[in-house]
Amino acid sequence: MTDICEVAKSMGFRHVAKVSAYNLAELESVLKEALDCDEPALVVAGGPCRVAAKLMGTNTYTVDPQKCKACGACFTLGCPAIERAAEVVPGKRYQSRIDPAQCSGCDICSQLCKFGAISRC
Ligand code: SF4
Ligand code: SF4
């Protein structure tokens, strides 16, 4: 299979990086480095197809209502599996819950939650 990074290097790109699309910290750091670079840079973000993983029975994730602080961070991902649960501040803040039928087990929401409220089932 053609390695896009090697192709880019052969075209003269000196700043080439490959990163997991499912590792938020690494992704943020590599993108920041590329944006700060004063020449053209290439970042290849990839990982296993989540639809295929879902079909193969990957574990889903769940929210612990005892730990969820209703901070709203996980809602910003736009994942269709993350839904509003208990209303903590009327009309403003809600705890979250995860619909297992839609969760593909990518782990991103778990990395984003600072309160350790999201974990694998
Ligand atoms: S990021 Fe964590 S604490 Fe915040 S709403 Fe989501 S599950 Fe709750
Ligand atoms: S693990 Fe991935 S697919 Fe599942 S709820 Fe979290 S962000 Fe959505």
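This is a short walk through one protein model and the two ligands it holds.

Okay, hi everyone. One thing before we start: this is a predicted model, so please keep that in mind as we go.

Let's begin with the overall layout. Going by secondary structure, the protein has four helices and six strands. If you follow the chain from the N terminus, the order of elements is α-β-α-β-α-β-β-β-α-β. Now, the radius of gyration comes out at 18 Å, well over the 14 Å that the globule rule gives for 121 residues, so the protein is more spread out than a compact globule. You can see that in the box as well: along the principal axes, the C-alpha atoms fill roughly 55 × 35 × 20 Å.

How is the protein divided? There's domain 1, covering 4–47, and domain 2, covering 52–120. Their C-alpha centres sit 28 Å apart.

A couple of numbers on packing. Buried residues account for 15% of the 121 in the protein. And if you take the contacts between residues at least 6 apart in sequence, 61% of them join residues at least 24 apart.

Next, let's zoom in on a hairpin. Strand β4, residues 82–89, and strand β5, residues 93–98, pair up in the antiparallel sense, with five bridges. Which residues in β5 are the bridge partners of Glu83 and Arg84? For Glu83 the partner is Arg97, and for Arg84 the partner is Ser96. Between the two strands there are three residues, and in that turn Gly91 has a positive phi of about 75°.

Right, on to the ligands. I'll start with ligand 1. What comes nearest to ligand 1? There are 15 residues around it, and the nearest are Cys68, Cys71, Ala73, Cys74 and Cys113. Sorting that shell by class gives 11 nonpolar residues, three polar and one charged.

Then there's ligand 2. Here 13 residues make up the surroundings, with Cys79, Ala81, Cys103, Cys106 and Cys109 as the closest. By class, the ligand 2 shell splits into 10 nonpolar, two polar and one charged. If you're wondering about the cysteines, they're counted as nonpolar in these tallies.

So, to recap: we have a two-domain layout, 4–47 and 52–120, an antiparallel β4 and β5 pair, and two ligands, with cysteines among the closest residues to ligand 1 and to ligand 2. Thanks, that's it from me.

Key: Residues numbered from 1 in each chain as written. Chains lettered and ligands numbered in written order. Predicted model: local features only at pLDDT ≥ 70, side-chain atom pairs only at ≥ 80, totals over all residues. Near = placed C-beta within 6 Å. Pairing = 2+ DSSP bridges. Domains from an automatic or database assignment. Rg over C-alpha atoms; globule rule 2.2 N^0.38 Å. Buried ≥ 20, exposed ≤ 12 C-beta atoms within 10 Å, placed from the backbone. Contact = placed C-beta atoms within 7 Å.
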